[in-house]
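Work through these exercises with the sequence and the 3D view side by side. Try each task before you read its solution.

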Amino acid sequence: MTLASIIVPAFNVQATMRQTLEALLAQTYAHFEIIIVDDGSTDATPQIAAEFATDPRVRVIRQNNRGLAGARNSGIAAAKGAFIGFCDADDIWLPHKLARHVAHLQANPNVGISYAGSAFIDNEGILTGQAQRPRLKGIGASHIFKRNPIGNGSAPVIRRAVFDEIAYQPYFEMQRSWYFDETFRQSEDIECWLRIALTTLWGFEGLPGLLTQYRINTTGLSAATDRQLAAWDRMVAKLTPLNPSFFIVNTKPARAYQLRYLSRRAVSALDASRARSLSLAWLAQSRAPLIEEPGKSIVTLAASAALMTFGGDTLRSLMKLAQTISPKATAL
């Protein structure tokens with residue numbers, strides 16, 4: 001069996017990491033290693049990691065804090081597997097996730113990045129009934145730029161060969177290669193996925209089903225929107241020289257999608273003024289989301305308007321009612 005490596009970036013995650021690691025050790029695909037990268041934790045994370053490291057399938061790397069991208073890079077550098085997956089230490093993989101991705105990659109030699117949808121869980125680990133159900137086929141760079149079908153960093157399993165192809169080493173880096181850009185503390189995922197799409201021939205393809213449980217933390221959602229937009233804009237500025245014509249065509253609609261996403265975050269944080277300003281911003285940027293995804297766009301605008309008109313308590317009640325009527329509803 002082909003070895004697969006599962007990298008678990010961990011920073012002060014004592015409350016959730018045990019559940020994450022137990023789920024990973026229960027994978028039905030047997031030939032795997034888990035690499036926990038303790039990214040300078042100051043809570044009980046190192047002790048929990050040491051407990052699990054008594055299992056021969058688990059290794060622990062400790063480093064000073066380098067951020068999520070830096071933890072992933074250290075894990076990739078240490079990985080022995082031909083396939084590499086990531087699971088943040090507050091998310092959960094279903095037992096058959098790794099087996100399905102390995103089979104998918106083995107059956108499709110041109111696919112470098114295999115992913116699937118994710119069900120959302122709350123801070124207590126309870127399913128919210130919402131999910132990411134991404135586009136699975138026919139993925140090009142424009143789809144990644146506009147909608148990032150991978151969805152979150154715990155969703156993909158990727159060939160080691162893909163990372164070997166995009167590896168680089170900044171002049172100031174003395175220890176190892178970079179795959180994710182460690183100068184980003186937000187948008188590091190989309191920067192990496194888009195760089196792969198623009199500079200390699202590897203394909204992106206998804207599997208049906210919700211194979212990851214992705215934890216939604218609403219703390220600071222609205223405050224983070226400014227920083228996330230700034231990081232996204234910096235990502236565009238960095239990658240534009242790779243293919244200027246691509247960015248000329250796609251940046252405005254992609255930025256509109258990004259602003260729409262951030263407006264949903266503001267709605268979730270019940271920040272009415274921020275939700276309104278972001279909604280107006282994405283409509284001014286491009287009407288592509290409204291034309292290409294009218295249902296989701298209209299729901300987002302309606303939620304923003306309801307928040308402005310009725311306030312947070314009424315909006316929460318409406319959202320709970322909608323979830324009762326349609327339990328399979330996706331997130332805003």
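**Exercise 1. A residue with an unusual backbone angle**

Task: Decide whether Ser 187 is buried or exposed. Then find where Ser 187 lies and describe its phi.

Solution. Keep in mind that this is a predicted model.
Step 1. The relative accessibility of Ser 187 is 12%. The cut-off for buried is under 20%. Ser 187 therefore counts as buried.
Step 2. Ser 187 sits in the loop between helix 6 (160–166) and helix 7.
Step 3. Its phi is positive, about 65°, although Ser 187 is not a glycine.

Task: Do the same for Leu 270. Which loop holds Leu 270?

Solution.
Step 1. Leu 270 is in the loop between helix 9 (244–268) and helix 10 (272–285).
Step 2. Leu 270 also has a positive phi, about 60°, and is not a glycine.
Step 3. The relative accessible area of Leu 270 is 28%. Partly exposed runs from 20% to 50%, so Leu 270 is partly exposed.

**Exercise 2. Strand 1 and its partners**

Task: How many of the residues of strand 1 are buried? Which strands pair with strand 1?

Solution.
Step 1. Count the buried residues: 7 of the 7 in strand 1. The strand is therefore largely enclosed by the rest of the structure.
Step 2. Sort the side chains by direction. In a regular strand, side chains alternate between the two faces of the sheet. Ala 4, Ile 6, Val 8 and Ala 10 point one way from strand 1. Ser 5, Ile 7 and Pro 9 point the other way. Both sets are buried.
Step 3. Look for partners. Strand 2 runs parallel to strand 1, and 7 bridges join them. Strand 4 (residues 83–86) also pairs with strand 1 in the parallel sense, over 4 bridges.
Step 4. Check one residue. Ala 4 stands opposite Phe 32 in strand 2. Ala 4 also stands opposite Phe 83 in strand 4.

**Exercise 3. The helix after strand 1**

Task: What unit do strand 1, helix 1 and strand 2 make? What covers the buried residues of helix 1?

Solution.
Step 1. Follow the chain through strand 1, helix 1 and strand 2. They make a right-handed β-α-β unit.
Step 2. List the buried residues of helix 1 (residues 17–25): Met 17, Thr 20, Leu 21, Ala 23, Leu 24 and Leu 25. An α-helix has 3.6 residues a turn, so residues three or four places apart point the same way.
Step 3. Name the cover. It includes strand 1 (4–10), strand 2 (32–39), helix 2 (45–52), strand 3 (58–63) and strand 5 (92–93).

**Exercise 4. The nonpolar cores**

Task: How many residues has the largest nonpolar core? Which helix gives the most to this core?

Solution.
Step 1. The largest nonpolar core has 38 residues. Those with the most contacts inside it include Phe 145, Phe 180 and Trp 193.
Step 2. Helix 7 (residues 188–199) gives the most to this core, with 6 residues.
Step 3. Zoom in on Phe 180. Beyond its neighbours within four places in sequence, its contacts include Ile 76, Phe 86, Phe 163, Cys 192 and Trp 193.
Step 4. Another core, of 26 residues, lies apart from the largest one. Among its residues are Ile 6, Val 13, Leu 25 and Val 58.

**Exercise 5. Cysteines**

Task: How many disulfides are there?

Solution.
Step 1. A disulfide needs two cysteine sulfurs within 2.5 Å. The count is 0 disulfides.
Step 2. Take Cys 87. Its nearest cysteine sulfur, that of Cys 192, is 17 Å away.
Step 3. Check burial. Cys 87 is buried, at 0% relative accessible area. Cys 192 is buried as well, at 0%.

**Exercise 6. A polar side chain inside**

Task: What polar contact does the side chain of Ser 118 make?

Solution.
Step 1. Ser 118 lies in strand 6 (residues 111–121).
Step 2. Its relative accessibility is 0%, so Ser 118 counts as buried.
Step 3. Its side chain makes a polar contact with the side chain of Asn 152, at 3.0 Å.
Step 4. Leaving out residues up to four places away in sequence, Ser 118 touches residues including Ala 131, Ala 155, Leu 210 and Tyr 214.

How values were computed:
Residues are numbered from 1 along each chain as its sequence is written. This is a predicted model: local features need pLDDT of at least 70, side-chain atom pairs count only at pLDDT 80 or more; totals for chains, interfaces and linings use all residues. Side-chain values use heavy atoms; hydrogens and water are left out. Buried means under 20% relative accessible area, exposed over 50%, partly exposed in between (1.4 Å probe, protein chains only). Helices (H or I, at least four residues) and strands (E, at least two) are DSSP runs, numbered from the N terminus. Contact means heavy atoms within 4.5 Å. A nonpolar core is a set of buried Ala, Val, Leu, Ile, Met, Phe, Trp, Tyr and Cys residues joined through side-chain atoms within 4.5 Å. A polar contact is a pair of N or O atoms within 3.5 Å; within protein, one must be able to donate a hydrogen and the other to accept it, and residues adjacent in sequence count only if both atoms are side-chain atoms. Two strands pair if DSSP finds at least two bridges between them. A crossover is right-handed if, with the strands pointing away from the viewer, the path from the first strand over the helix to the second runs clockwise.
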